[in-house]
Structures are given as structure tokens and as C-alpha cells.
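Reader: I have a model open with a ligand in it, and I would like to practise reading its features with you. Could we take them one by one?

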Amino acid sequence: MTVGVGVIGAGVISAQYLANLTTFPDLEVRFVADIDLERARARAEEFGIPASGTTEELLADDGIEIVVNLTLPAVHAEVDLAILAAGKHVWSEKPIATNAADARKVLDAAEAAGLRVAVAPDTVLGAGLQSAFRAIADGRIGAPQTATTMVLNPGPDRWHPAPEFLFQAGGGPLLDLGPYYLTTLVSVFGSVVRVSAVGSIARPVRTVESGPRAGTEFDVTVPTHSALLLEFEHGTSAQATFSFQSAIPRAGFFEITGTDGAIVLPDPNMFDGQSQLWTMAAWKGLTGPEQPTPETIEATGPADGRGLGVLELARAIAAGVPERASGALAAHVLDIMLAATRAAETGASVEVTSRVLAPEPLPADWDPKARTLA
Ligand SMILES: NC(=O)c1ccc[n+]([C@@H]2O[C@H](COP(=O)([O-])OP(=O)(O)OC[C@H]3O[C@@H](n4cnc5c(N)ncnc54)[C@H](O)[C@@H]3O)[C@@H](O)[C@H]2O)c1
């Protein structure tokens, strides 16, 4: 038996999702919807999906059990609520919502209906990060103590054909890229309890630089540079910098230091990539300028790309176990980002009260291409 899937939002990222979802034997993509019907039709045709149309038409298809919400952050919650009202499970792109009340509404509606809400990123389920998590769980760096992470680039106004949402409420590098980095941190360190932050806007007006609307100016209304200090529940800490205003591209700078070693993680916005392990033991006897060579940890496991989380959700529902990329985890990550926003505005550190448990790593032999649902 396959699980019927519908996709709402046929924009830029839908191509990556559909390229992967259509290769998983456990899933069957039945419908692509968008408010732009021509865009939905073209995407469906591109990937051989049998039907396209409006969200209402998609939600009326009884063969669809999971709906993948790839709309814009400002409407994620309202689209999720419509999906749940139609009796279907949700996979939503990040962030789960743009405010905590909307995230709560979505999680409460799911619980009341006995349905699931799972949320991107699913990169944390990919081979690269999962292999690093296994090394950490195996004690290779001792007890994790601190982390330093940053992602810098000139901004998506360079390549996205409709980049305005990435520079307005619900966007900025913090809400757009933060979920990858913060979900990874929470996966290793547990819940964040307090956040300090600063934020700034270098250029308050930007210009669409690619696609048919190139040359269109728009206002930047959220920080394009955010620097955070995070405190976790067990007394550990991390610093994280997110920028859409740097001429230096730095994707996925991510180091975690433990009592006995440190690990350089792969880019948390990717599904694969090696890690580098440095141990304190390797420094033993090195008293001069020489330094040890780090051990490379290869990525093992699935690295199929965006859509892995939808499959994991389908299999978790069938097995009656919790999904890993849970809505509760996404809501905690949103709480961290909103706390950082408030901390930057007020100059005071802000407490985060929600708590989550770190998800279990995926088994190394978890195979997206296997047919597992009888
Ligand atoms: N572009 C990327 O590289 C990327 C990567 C990872 C995640 N994401 C996330 O994916 C989501 C979509 O991003 P995108 O870049 O594809 O945006 P996009 O603007 O290219 O596409 C969004 C699509 O959603 C449709 N839409 C908007 N409101 C709708 C509604 N109420 N009902 C139905 N359709 C609606 C739009 O018509 C558009 O086709 C965002 O949450 C973004 O954060 C994007």
C-alpha cells in the first residue's frame, strides 16, 4: 500500500520535493495545488503528477493522507489548519508559523483531530548530520559543551524570483536559515532556555535581481544580520550568526566542542557531507607548532534530499511511533527565533519556556527506496 500525498505550493522549492517524493515507493504524489493554477499545472506535468488545481480540490481527494505545505511562511499556519480540518496529516515547510500563537493553534488542532504535524527541516534526518549525531552519541567528543555556528551570504534577492518574503516578517536569515542550524543544535544539546541577541539591517531597500520581476525594489523590514547567544537546559551554550548581508559566502560553519574532542559538522542545510573529528587525545605529546590531523567521518545513510521527512512521517504513522521532525520541535525552534527577535529589540536576554526531547537518530540502514508499507 502506498500513502497518498498532495503538495500545496508549486514555487521554487516544490521542484526539489517532487523530484524526491516521486522516487519513494512508499509514497504516491497525487495532486499539486497553488493559488496560481497555471504554476500548479506546469509543476504537475513536469513530474508526471496526475492532477493539479486549487487547495480545496486537493483537500477533497480522499486518497490523500499527507499534505505537504510549501506555501509562504505568512500563510503556513492557515494552510495547515485547512489541511487538518480536511482530516489529513501535515508536512509543512519551515517556519511552522510566524508567531507562537499560530504555531500553538496548529499543534492543538492536530492533537484534537488525532492527526500529525511534522515540519522541515528534514536535513537533520540526512546522512551527513545523522552520521555526526551518531559519532556524538557514541561519545567521540565526550559530553557536548559548546557550539559555534554561522551562515553568511549576500542574500536570496540575488537568485529568488520572488524574494520579498525572505526579507519581511517570517523571514530574514534568522527565520529562513535559523531552523536548519537551531534544529541541529537542539538535536544535540536539547532545549534552549535563554537567548541573547543583536540584529541589524544594512540596506533597508533591496532589488529583485533575477527572474521576470528583476529590477523591482522592495522594503527590508526584519534584520538581515542576527547574532545569538543560546543557553541550553543542561548549562551548555552556543553562538550562532545568520546573515544575508555578507559578501563572504559561508554556508554551514558548524563546530561542536565536547569535553574530549570537537566535531566539524557538514552544512545543516544539506543532506550529506563529511564531518571532521578532532580529539584531545590526538594532541597528547604535541608540544610544538605541529597539530593533529582530524579524522574524517563519512556520511552513511540516506541523503535523498527534501522530502525524506515526509516519508519518515508516513512510516511513523504506519508504525504508530512519533515522527522525528515533529511539530513540537519546530514550535520550540520558532520560540527560540522569536525570543532572539525580542532580545535584539529590547537588549535584554529572553527566556524560552517550551521544552522538547531531542529526536532519535535514524538507523544507518533506513532506506527511502525500499517498499516498507504492506
Ligand atoms: N527556495 C528555497 O530554496 C527554499 C529552501 C527550503 C525551504 N523553503 C521554504 O519553502 C517555502 C516556499 O518557498 P519557495 O522558495 O518555494 O517560495 P515561492 O514563492 O517560490 O513559492 C511559494 C508558492 O506558494 C504559493 N502560495 C502562496 N500562498 C498560497 C496559498 N495560500 N495557497 C496555495 N498556494 C499558495 C505561491 O503562489 C507560490 O507558487 C517557504 O516556506 C520557504 O521558507 C524554500
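Author: Gladly. Let us begin with how elements get their names: helices and strands are DSSP runs, numbered from the N terminus. With those names, P95 can be placed in the loop between β5 (89–92) and α5. Do keep in mind that this is a predicted model.

Reader: What is the peptide bond from K94 to P95 like, cis or trans?

Author: The bond from K94 to P95 is cis, and its omega is near -10°. There is another cis peptide bond, from A120 to P121, with omega near 10°. P121 sits in the loop between β6 (117–119) and α6.

Reader: Now the ligand. How many residues surround it, and which are the closest?

Author: A residue is counted when one of its heavy atoms lies within 4 Å of the molecule. Here 25 residues surround the ligand, the closest being V12, I13, D34, R39 and H160. By class, that shell has 13 nonpolar, six polar and six charged residues.

Reader: Which helices supply at least two residues of the shell?

Author: Those are α4 (73–85) and α7 (172–189). The biggest share comes from α4, which gives the most to the shell with four residues.

Reader: Where does the ligand lie relative to domain 1 and domain 2?

Author: Look at which domains contribute to the shell. Both domain 1 (3–119) and domain 2 (124–297) give residues to it, so the ligand lies between them.

Reader: And which polar atoms should I look for beside the ligand's oxygen atoms?

Author: The cut-off to use for a polar contact is a pair of N or O atoms within 3.5 Å. A polar backbone atom of V12 is 2.9 Å from an oxygen atom of the ligand, and a polar backbone atom of T71 is 3.3 Å from a ligand oxygen. From a side chain, a polar atom of H76 lies 3.0 Å from an oxygen atom of the ligand. As for cover, the ligand taken alone exposes 830 Å², and the protein buries 87% of that.

Reader: How do I decide on burial for a residue? Is D157 buried or exposed?

Author: Buried means under 20% relative accessible area, exposed means over 50%, and partly exposed is in between. D157 has 2% relative accessibility, so it counts as buried. You will find D157 in the loop between β7 (144–152) and α7, where its side chain makes a polar contact with the side chain of R206 at 3.2 Å.

Reader: What about A112 and G139: buried, partly exposed or exposed?

Author: A112 has a relative accessible area of 72%, so it is exposed; its place is in helix α5 (residues 100–113). G139, at 38% relative accessibility, counts as partly exposed, and it belongs to the loop between α6 (127–137) and β7. Across 119 residues of chain, the C-alpha atoms of G139 and G258 are separated by 9.1 Å.

Reader: One last feature: why is α8 said to be largely enclosed?

Author: Apply the burial cut-off residue by residue along the helix. Nine of the twelve residues of α8 are buried, so the rest of the structure largely encloses this helix. Among the buried ones are L308, V310, L311 and L313, and also E312 and R315. You can check the length of α8 (residues 308–319) too: at 1.5 Å a residue its twelve residues should span 16 Å, and the end C-alpha atoms are 16 Å apart, which agrees.

Note on methods. Residues numbered from 1 in each chain as written. Predicted model: local features only at pLDDT ≥ 70, side-chain atom pairs only at ≥ 80, totals over all residues. Heavy atoms only, no water. Polar contact = N/O pair within 3.5 Å; in protein donor to acceptor, adjacent residues only side chain to side chain. Areas by Shrake-Rupley, 256 points an atom, 1.4 Å probe, with all protein chains shown as cover. Nonpolar A, V, L, I, M, F, W, Y, C, P; charged D, E, K, R; others polar. Domains from an automatic or database assignment. Expected span 1.5 Å × (residues − 1). Buried < 20%, exposed > 50% of the residue type's maximum accessible area, 1.4 Å probe, protein only.
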